[in-house]
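Hi,

Here is the structure I promised to pass on. Have a look at it first, and then read my notes below.

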Amino acid sequence: MRRIRCLLTAGLSTVVIAQVLPCLTDGESAAGLAPACPELVGHLRKERARMREKITTLYSSRAMLDAILLAGNGSSE
């Protein structure tokens, strides 16, 4: 259960967790997990890239809302 909670906290979906969980072992990382299968590293890097894209999109969306709010003489906060 600890492994699942850790992966959820890392932002992975339950579908991805089901795929990667068999390839994880206890490790000495900050998360306490380590990849046990070589292909897992690539899979996790793809997930991280997906998250990075989502974060970039969210920043752009926030900037657009800030611009709209400022145009209405309101504060962006």
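Let's start with the inside. The largest nonpolar core has 11 residues: Cys-6, Leu-7, Leu-12, Val-16, Ile-17, Val-20, Cys-23, Leu-24, Leu-33, Cys-37 and Leu-40. Helix 1 (2-9) and helix 2 (14-20) each give at least two residues to this core, and helix 2 has the largest share, with three. Keep in mind that this is a predicted model.

One core member to click on is Cys-23. Which residues does Cys-23 touch once you leave aside its neighbours within four places in sequence? They are Ala-34, Pro-35, Ala-36, Cys-37, Glu-39 and Leu-40. Two of these partners, Cys-37 and Leu-40, are also on the core list.

Now zoom out. The protein has three helices and two strands, and going from the N terminus the order is α-α-β-β-α.

What about the overall shape? The C-alpha trace spans about 55 × 20 × 20 Å along its principal axes. The radius of gyration is 18 Å, whereas a compact globule of 77 residues would come out near 11 Å. Just 17% of the 77 residues count as buried. Of the contacts with a separation of 6 or more, 31% are between residues 24 or more positions apart.

Last, the surface and the charges. The accessible surface is about 5,900 Å², and carbon and sulfur atoms account for 61% of that. There are 10 positive and 7 negative charges, and the mean positions of the two groups lie 3 Å apart.

Have fun exploring!

Definitions and conventions. Residues numbered from 1 in each chain as written. Predicted model: local features only at pLDDT ≥ 70, side-chain atom pairs only at ≥ 80, totals over all residues. Heavy atoms only, no water. Helix = DSSP H or I, 4+ residues; strand = E, 2+ residues; numbered from the N terminus. Rg over C-alpha atoms; globule rule 2.2 N^0.38 Å. Buried < 20%, exposed > 50% of the residue type's maximum accessible area, 1.4 Å probe, protein only. Contact = heavy atoms within 4.5 Å. Areas by Shrake-Rupley, 256 points an atom, 1.4 Å probe, with all protein chains shown as cover. Lys, Arg positive; Asp, Glu negative; His and termini not counted. Charge placed at Lys NZ, Arg CZ, Asp CG, Glu CD. Core = buried A, V, L, I, M, F, W, Y, C linked by side-chain atoms within 4.5 Å.
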